[in-house]
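Q: I am new to this structure. Please take me through one part of it closely, along with what surrounds that part.

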Amino acid sequence: GQNRTMDAHEEHTRREALGVVIDRIEATMRRAEAWDEEAPPPRLLASKQPFCYDTLTFLQWLQWQMIPRMRQILDNHEDLPENSAILPYAEEFVPEPQLDEDARELLHLIGRFDELISG
C-alpha cells in the first residue's frame, strides 16, 4: 500500500541525511586539524568499552570507529542502529570554555546524528 513506499522514502531520506552529517563531521574534524592520517594500533581499536574510552580519544573513536562503521552500514544498506546517544558523551569530552566554532559545529552535527538515528 501507500504507506510502505512512504516509509521506504523516509528511510532513504534519513540515510542520505546521515551520510551528509557524517561527511560534515569529517570535514569539521579536518578543519579543526583533529583528523589523523595514521590509524591507532589495532589493539587500541579493539577495545570493547563504549566509545573505546579506555584506549582512544573521543575524536579518534569518531574517526576510526563511528564514521567507518556508519559508512559501511549506509553503503551496504545494513540496518541502522536503533538509537544513538553520542552527544552527552561528546559534551563531556569537549569542555564548554574551549568550544570554538569547530567544536560547536561538531557537537551540533553529533546531536543531529543522534536525532536521525533515534528518530
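A: What follows is a close look at helix H3 and its surroundings. The model is a predicted one.

Start with the core. Helix H3 covers residues 58-75. The largest nonpolar core has 32 residues. H3 gives nine of them, the most of any element. Helix H1 (2-31) and helix H5 (101-118) also give two or more residues each. Some members touch the most other members: Ile 25, Trp 61, Leu 62, Met 66, Met 70 and Phe 113. In general, nonpolar side chains in soluble globular proteins tend to be buried together.

Phe 113 shows how the core is joined. Leave out residues up to four places away in sequence. Phe 113 then touches Met 66 and Met 70. Leu 18, Val 21 and Ile 22 are touched by Phe 113 too. So are Ser 84 and Ile 86.

Now look at H5, the helix that holds Phe 113. Its 18 residues should span 26 Å at 1.5 Å a residue, and its end C-alpha atoms are 26 Å apart, so the two agree. Phe 113 is one of the buried residues of H5. Others among them are Leu 106, Leu 109, Ile 110 and Ile 117. The buried set also includes Asp 102 and Asp 114. Asp 100 caps the N-terminal end of H5. A side-chain oxygen of Asp 100 lies 3.2 Å from the backbone nitrogen of Asp 102. After H5 comes Gly 119, with a positive phi near 65°.

Return to H3 for the largest pocket. The volume of this pocket is about 270 Å³. It is lined by 16 residues. Closest to its centre are Trp 61, Gln 65, Met 66, Arg 69 and Pro 81. H3 gives six residues to the lining, the most of any element. Trp 61 and Met 66 appear here, and both are also among the core residues that touch the most other members.

Gln 60 also sits in H3. Its side chain reaches the backbone nitrogen of Thr 57 at 2.9 Å. Neighbours within four places in sequence aside, Gln 60 is in contact with Asp 36, Pro 40, Thr 55 and Gln 65.

Last, take the loop between helix H2 (42-45) and H3, where Ala 46 lies. Ala 46 has 43% relative accessibility, so it counts as partly exposed. In sequence, Ala 46 and Gln 65 are 19 residues apart. In space, their C-alpha atoms are 9.7 Å apart.

Terms used
Residues numbered from 1 in each chain as written. Predicted model: local features only at pLDDT ≥ 70, side-chain atom pairs only at ≥ 80, totals over all residues. Heavy atoms only, no water. Core = buried A, V, L, I, M, F, W, Y, C linked by side-chain atoms within 4.5 Å. Buried < 20%, exposed > 50% of the residue type's maximum accessible area, 1.4 Å probe, protein only. Helix = DSSP H or I, 4+ residues; strand = E, 2+ residues; numbered from the N terminus. Contact = heavy atoms within 4.5 Å. Polar contact = N/O pair within 3.5 Å; in protein donor to acceptor, adjacent residues only side chain to side chain. Expected span 1.5 Å × (residues − 1). 1 Å grid on protein atoms, 1.4 Å probe; cavity = no way out; pocket = protein on both sides within 12 Å on 5 of 7 lines; lining within 4 Å. Points joined across faces, edges and corners; volume = space filled by probe spheres on them.
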